[in-house]
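Here are a few short exercises on charged side chains, each with a worked solution. Have the sequence and the 3D view ready before you start.

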Amino acid sequence: MAKIKFFFKLKHYLYTGLREVLVYHHNSLEFRAKVFALIISANENPQDCEYALVHEAGMQVYKDEERVNMLLLTTKEYVQKVHQKNGLYIDDLVEDIQKELQQLPRYASKIDIEALRPLVECSIDEDTSSYQLRMLEFLHQLKVQYTKEVS
């Protein structure tokens, strides 16, 4: 069991390191992935529906299948970390998003509420949908706040 955890950590470390080197504007892509993961991870049982919507939104933004796949993989990675309680919680994602917006207010333009809203429709549970809607409102407020700071 310890060997499996070690190899998983090693794989994750190498994957993250390579992403930083090989992916153009990886910080921007990771920010978008965190925003998607924030909404998706509120659902304890995300399905293909959510990830199909991430793919669709990614194609509208990037128009590059490789970059979209990287966005999708990074989003899934964050969601898995939250669900497996692997040192990342929803509150941590919120803090990371806020911190990045403080450092780079231009990232507010990367919060696309209209691309995020369909993720809520994938949820079957009413409580989950309600929680996701509150997150969308929060993200909208952040977007408005930091868009004003950029102007």
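A residue counts as buried when its relative accessible area is under 20%, as exposed when over 50%, and as partly exposed in between. Keep in mind that this is a predicted model.

**Exercise 1.** Find the burial class of E100 and of K34, and work out what their pairing ties together.

Solution.
- Step 1: By that cut-off, E100 and K34 are both buried; for K34 the relative accessible area is 9%.
- Step 2: Their closest N and O atoms are 2.5 Å apart, and the two residues form a salt bridge.
- Step 3: Because E100 sits in helix α5 and K34 in helix α2, this pair links parts that are 66 residues apart in sequence.

**Exercise 2.** Describe the salt bridge between D96 and K34.

Solution.
- Step 1: The closest N and O atoms of D96 and K34 are 3.8 Å apart, within the 4 Å limit.
- Step 2: D96 belongs to helix α5 (residues 90–103) and K34 to helix α2 (residues 26–40), so the contact joins parts 62 residues apart in sequence.
- Step 3: D96 is partly exposed, at 23% relative accessible area.

**Exercise 3.** Locate the salt bridge of E114 and R117, then identify the network that shared partners create.

Solution.
- Step 1: The E114 and R117 side chains meet at 3.7 Å, N to O.
- Step 2: Both residues lie in helix α6 (residues 113–121), 3 residues apart, about one turn of the helix.
- Step 3: E114 is exposed at 55%, while R117 is partly exposed at 37%.
- Step 4: Elsewhere, salt bridges with shared partners join K34, D96 and E100 into one network.

Key:
Residues numbered from 1 in each chain as written. Predicted model: local features only at pLDDT ≥ 70, side-chain atom pairs only at ≥ 80, totals over all residues. Heavy atoms only, no water. Helix = DSSP H or I, 4+ residues; strand = E, 2+ residues; numbered from the N terminus. Buried < 20%, exposed > 50% of the residue type's maximum accessible area, 1.4 Å probe, protein only.
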